[in-house]
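Here is a short report on one protein chain. Keep the sequence and the 3D view open as you read.

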Amino acid sequence: MAMSVGGGGEDRPMSDINTTPLVDVMLVLLIIFLIAVPVAIQTIEKLKVPILKSEETQDKVENLLIAVVSTDTAGRSPKQPGYQGSSPTGECRIYVNNTTPVDNTELYKAAFDRLDAIVKREGGAANMDPEKVPEVHIRGDVHVPWKCIAGAIYNVQIAGYPKVGFISTPVDPNG
């Protein structure tokens, strides 16, 4: 058995790497995964994700609902016959409470008037309970340009609404 004590030679870096610990760790991980994967697969096959219905909240009736869509490729609005869905190149259409079509200035005025009436009814901004402050819920079509949604968000925030949220349609994870 030969052993180098380090005297009388070139001082050069050692280039030998001991790979035994690396191989040991990899073999242990391989064995763990070979055992864990079949157990995990059996558990996941039995898992069923619940499907929840999206329901509007009943606690704050003052919430402002806004639908943002755009015209289709032929220039038709959602309420017109033959409408084929929002187009990324279409014009913005905003509906307050999902029924009344408005433009940006009308949206600001409607949002401001609604919030002002709620604040006055509660006795002023200083007397408002933070739980009773209304929110804005925006529902936007997937093909609507971002500028349309951003414009609606800007107008309701300028009108004084502190919270803006998005409503989405849940997707069935099992189907």
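## The sheet, strand by strand

Val-68 has Gly-140 in β4 as its bridge partner. Ala-67 is matched in β4 with Arg-139. Strands here are runs that DSSP marks E, at least two residues long, and helices are runs marked H or I, at least four residues long; both are numbered from the N terminus. Two strands count as paired if DSSP finds at least two bridges between them.

This is a predicted model, where local features need pLDDT of at least 70 and side-chain atom pairs count only at pLDDT 80 or more, while totals for chains, interfaces and linings use all residues. Residues are numbered from 1 along each chain as its sequence is written, and side-chain values use heavy atoms, with hydrogens and water left out.

Now back to the pairing. β1 and strand β4 (residues 136–140) run parallel and share five bridges. Strand β1 (residues 64–70) also pairs with strand β2 (residues 92–96), this time in the antiparallel sense, over five bridges. In that pairing, Ser-70 has Cys-92 in β2 as its bridge partner.

β2 is also joined to strand β3 (residues 100–102) by three bridges, and these two run antiparallel. Ile-94 has Val-102 in β3 as its partner. β2 and β3 make a hairpin, with three residues between them. In the turn sits Asn-97, which has a positive phi of about 55°.

β4 and β5 pair in the parallel sense, over three bridges. There, Val-136 stands opposite Val-164 in β5.

In what order do the five strands of the open sheet lie? The order is β3-β2-β1-β4-β5, and the pairing is mixed. β3 and β5 (164–166) stand at the edges with a single partner strand each, so one side of each has no neighbour in the sheet. From one strand to the next, the twist averages 30°. Such angles run from 0 to 180 degrees between N-to-C directions, with axes fitted as lines to C-alpha atoms, for helices over the stretch in contact.

## Charged pairs

A salt bridge is a side-chain nitrogen of Lys or Arg within 4 Å of a carboxyl oxygen of Asp or Glu. The count by this rule is five. Among them are the pairs in this table.

| Pair | Closest N to O distance |
|---|---|
| Arg-93 and Glu-91 | 3.4 Å |
| Lys-109 and Asp-113 | 2.9 Å |
| Glu-122 and Arg-121 | 3.9 Å |

How open to the surface are these residues? Buried means under 20% relative accessible area, exposed means over 50%, and partly exposed is in between (1.4 Å probe, protein chains only).

Arg-93 is partly exposed, because its relative accessibility is 24%. Its partner Glu-91 is exposed, at 51%.

Lys-109 and Asp-113 both lie in helix α2 (residues 104–121). They are four residues apart, about one turn of the helix. Lys-109 is exposed, with a relative accessible area of 52%, whereas Asp-113 is partly exposed, at 37%.

Arg-121 is exposed, at 53%. Glu-122 is partly exposed, at 24%.

Asn-104 is also in helix α2. Asn-104 is partly exposed, because its relative accessibility is 39%. Asn-104 and Arg-93 are eleven residues apart in sequence, and their C-alpha atoms are 9.4 Å apart in space.

## A nonpolar patch

Patches are made of residues with over 30% relative accessible area and no salt bridge; like charges are joined within 9 Å, and nonpolar side chains (Val, Leu, Ile, Met, Phe, Trp, Tyr) within 5 Å. One nonpolar patch on the surface includes Leu-22, Met-26, Val-28, Phe-33 and Ile-41. Together, the patch residues have about 820 Å² of accessible area. Accessible areas come from the Shrake-Rupley method with a 1.4 Å probe, and for residues only the protein chains shown count as cover.

Take Val-28. Val-28 lies in helix α1 (residues 20–45). Val-28 is partly exposed, because its relative accessible area is 46%.

## Confidence

pLDDT is the predictor's confidence in each residue, from 0 to 100. The protein chain averages 80, and 81% of the residues score at least 70. Confidence is lowest in β3, at a mean of 85, and highest in helix α3 (residues 146–159), at 90. Where pLDDT is low, the predicted coordinates should not be read in detail.
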